[in-house]
Amino acid sequence: MDELAVLAVRRLSVQGDLSLTAATTLSYLHRNGPQRLSVLAARQAVTQPSMTQLVQRLEREGLVRRAVDDLDGRAVRVSVTDAGRALLAERRRRRRERLTEMLGTLSPGELRELTRVAGEFLPLLLRLLQGTADE
């Protein structure tokens, strides 16, 4: 069901919350550890100057930190902070809560059917999305 929440993130997000790009950047850092700005920009399909601005904003908010890359002193690596991890956990909690509320409006039969269809659809979608991530 977590995958369903991700697919519906725009509908489930709280007004005034992080932008989708900011949230996915934080999530990527949380899952993959410190990254160079160029990697983050490529993953989000934005320009490096745009990612630099986003990272500066996230840094001002205490959600990420920048440090000199140990392997290349000219490069910067970005990592998520404890506050960033806490924000991600809270977003996931709120998203699950809202999804549970939405699913609660379905009849038991509708919920069974949705679960059945999602069980068939999500693996196919994830496989398709994985294929595009490898390009």
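# Exercises on a predicted helix-and-strand model

From the N terminus on, the elements run α-α-α-β-α-α-β-β-α-α. This is a predicted model: local features need pLDDT of at least 70, side-chain atom pairs count only at pLDDT 80 or more, and totals for chains, interfaces and linings use all residues. Residues are numbered from 1 along each chain as its sequence is written, and side-chain values use heavy atoms, with hydrogens and water left out.

## Exercise 1. The whole chain

Count the helices and strands, then describe burial, surface and contacts.

Solution.
- Step 1. The protein has seven helices and three strands. Both are DSSP runs numbered from the N terminus: helices are H or I with at least four residues, strands are E with at least two.
- Step 2. Of the 135 residues, 27% count as buried. Buried means under 20% relative accessible area, exposed over 50%, and partly exposed in between, with a 1.4 Å probe and protein chains only.
- Step 3. About 8900 Å² is exposed, and carbon and sulfur atoms supply 55% of it. Accessible areas come from the Shrake-Rupley method with a 1.4 Å probe; for residues, only the protein chains shown count as cover.
- Step 4. Take the contacts (heavy atoms within 4.5 Å) with a separation of 6 or more. Residues 24 or more positions apart account for 53% of them.

## Exercise 2. The sheet

Work out the strand order and find the edge strands.

Solution.
- Step 1. The three strands form an open sheet in the order 1-3-2, with antiparallel pairing.
- Step 2. Strand 1 and strand 2 (64-68) are the edges. Each has a single partner strand, so one side of each is left without a neighbour in the sheet.
- Step 3. Strand 2 pairs with strand 3 (residues 76-80) in the antiparallel sense, over five bridges. Two strands pair if DSSP finds at least two bridges between them.
- Step 4. Locate one facing pair: Arg66 stands opposite Val78 in strand 3.

## Exercise 3. Gln35

Is Gln35 buried or exposed, and which residues does Gln35 contact?

Solution.
- Step 1. Place the residue: Gln35 lies in strand 1 (residues 35-36).
- Step 2. Gln35 counts as buried because its relative accessibility is 13%.
- Step 3. Leave aside neighbours within four places in sequence. Gln35 then contacts Tyr28, Leu29, Leu40, Val76, Arg77 and Val78.
- Step 4. Look at the side chain. A polar atom of the Gln35 side chain lies 3.4 Å from the backbone oxygen of Gly33.

## Exercise 4. Salt bridges along helices

Examine the salt bridges Asp82 to Arg85, Glu90 to Arg93 and Glu113 to Arg116.

Solution.
- Step 1. The structure holds seven salt bridges. The criterion is a side-chain nitrogen of Lys or Arg within 4 Å of a carboxyl oxygen of Asp or Glu.
- Step 2. Asp82 and Arg85 meet at 2.5 Å, N to O. They are about one helical turn apart because three residues separate them in helix 6 (residues 82-103). Asp82 is exposed at 57% relative accessibility, while Arg85 is partly exposed at 30%.
- Step 3. Arg93 and Glu90 also form a salt bridge, with the closest N and O atoms 2.5 Å apart. They too are three residues apart in helix 6, so about one helical turn separates them. Both are partly exposed: Arg93 at 39%, Glu90 at 29%.
- Step 4. Turn to helix 7. Glu113 and Arg116 meet at 2.6 Å, N to O. They lie three residues apart, about one turn of the helix. Glu113 is partly exposed at 40%, and Arg116 is partly exposed at 41%.
- Step 5. Check for shared partners. Glu90, Arg93 and Glu97 are joined into one network by salt bridges that share partners.

## Exercise 5. A nonpolar patch

Which residues make the nonpolar surface patch of about 180 Å²?

Solution.
- Step 1. Leu106, Leu111 and Leu114 make this patch.
- Step 2. Apply the rule. Patch residues have over 30% relative accessible area and no salt bridge; like charges are joined within 9 Å, and nonpolar side chains (Val, Leu, Ile, Met, Phe, Trp, Tyr) within 5 Å.
- Step 3. Inspect one member. Leu111 is found in helix 7 (residues 108-133). Leu111 counts as partly exposed because its relative accessibility is 31%.

## Exercise 6. Ala45

Where does Ala45 lie, and what is its phi?

Solution.
- Step 1. Ala45 lies in the loop between helix 4 (37-44) and helix 5 (48-60).
- Step 2. Phi of Ala45 is near 55°, a positive value in a residue other than glycine. Most residues other than glycine have a negative phi.
- Step 3. With a relative accessible area of 72%, Ala45 is exposed.

Notes: Polar contact = N/O pair within 3.5 Å; in protein donor to acceptor, adjacent residues only side chain to side chain.
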